[in-house]
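Q: Before we look at any single feature, could you take me through how to read a model of this kind, step by step?

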Amino acid sequence: MIVTTTPSVEGRAIQQYKGIVFGEVVSGVNILRDMGAGLRNIFGGRSSGYEEELQRAREEAIDEMCRRAEELGANAVVAVDVDYEVLGADNGMLMVSVSGTAVLLG
């Protein structure tokens, strides 16, 4: 499955548009990562726990989007957009959503 943020794939013609596809993941971050991130806010530095969780959630959302594209008979997803949201102020829930256009390339 080709996945790209561009509206086309160089050297390949779009033969058919299959529709818009989405992938969503809502992920909780545990209290230990929250405490570590809080300390890093005070002392500086990167929060590897949050970064790992963000990467995992993004990959899962892209995989889900690709699965839905395959169900439509697509072999690529173009114009992919990735969005991140924090759900609630203090509950540590992160939502990653991806969307794109499922297409059949020639």
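A: Let us begin with a term that we shall need later: contact means heavy atoms within 4.5 Å. Please also keep in mind throughout that this is a predicted model.

Q: What is the mean pLDDT of the protein, and which element has the lowest mean value?

A: The pLDDT is the predictor's confidence in each residue, from 0 to 100. Here the protein has a mean pLDDT of 85, and 76% of its residues reach 70 or more. Among the elements, helix H1 (residues 31–43) has the lowest mean pLDDT, 49, while S1 has the highest, 98.

Q: In what order do the strands of the sheet lie, and which of them are at the edges?

A: In general, strands of a sheet pair through backbone hydrogen bonds, and the pairing may be parallel or antiparallel. In this model four strands make up an open sheet with the order S1-S3-S4-S2, and the pairing is mixed. Its edges are strand S1 (2–3) and strand S2 (14–28), each of which pairs on one side only.

Q: How many bridges join S2 to strand S4, and which residue is the bridge partner of Val 26?

A: S2 and S4 (residues 93–105) run antiparallel and are joined by 13 bridges. To place one of these pairs on the structure, find Val 26 and look across to S4, where its bridge partner is Met 95.

Q: Which residues of the largest nonpolar core touch the most other members, and which elements supply the core?

A: The general idea is that, in soluble globular proteins, nonpolar side chains tend to be buried together. The largest core of this model has 13 residues, of which Val 21, Ala 61, Met 65, Ala 69, Val 77, Val 96 and Ala 102 touch the most other members. At least two residues of this core come from each of S2, H2, strand S3 (76–87) and S4. There is also a second, separate core of five residues, among them Val 9, Ala 76, Val 78 and Val 103.

Q: With which residues is Ala 61 in contact, once its neighbours within four places in sequence are left aside?

A: With those neighbours excluded, Ala 61 is in contact with Gly 23, Glu 24, Val 25, Val 96 and Val 98.

Q: How many salt bridges are there, and where do Glu 53 and Arg 56 lie relative to each other?

A: A salt bridge is read from the distance between a side-chain nitrogen of Lys or Arg and a carboxyl oxygen of Asp or Glu, with 4 Å as the cut-off. By this rule the count is five. In one of them, Glu 53 is paired with Arg 56, and their closest N and O atoms are 2.4 Å apart. The two residues are three apart in helix H2 (residues 48–71), so they are separated by about one helical turn. Glu 53 is buried, at 8% relative accessibility, whereas Arg 56 is partly exposed, at 32%.

Q: Which other residues of helix H2 form salt bridges, and are they buried or exposed?

A: Glu 64 forms a salt bridge with Arg 68, with 2.7 Å between the closest N and O atoms; these residues are four apart in H2, and so about one helical turn separates them. Glu 64 is buried, with a relative accessible area of 18%, while Arg 68 is partly exposed, with 28%. Arg 67 likewise forms a salt bridge with Glu 71, at 2.8 Å between the closest N and O atoms. Arg 67 is partly exposed, at 40% relative accessibility, and Glu 71 is exposed, with a relative accessible area of 56%. Finally, salt bridges with shared partners join Glu 24, Glu 64 and Arg 68 into one network.

Technical notes. Residues numbered from 1 in each chain as written. Predicted model: local features only at pLDDT ≥ 70, side-chain atom pairs only at ≥ 80, totals over all residues. Heavy atoms only, no water. Pairing = 2+ DSSP bridges. Buried < 20%, exposed > 50% of the residue type's maximum accessible area, 1.4 Å probe, protein only. Core = buried A, V, L, I, M, F, W, Y, C linked by side-chain atoms within 4.5 Å.
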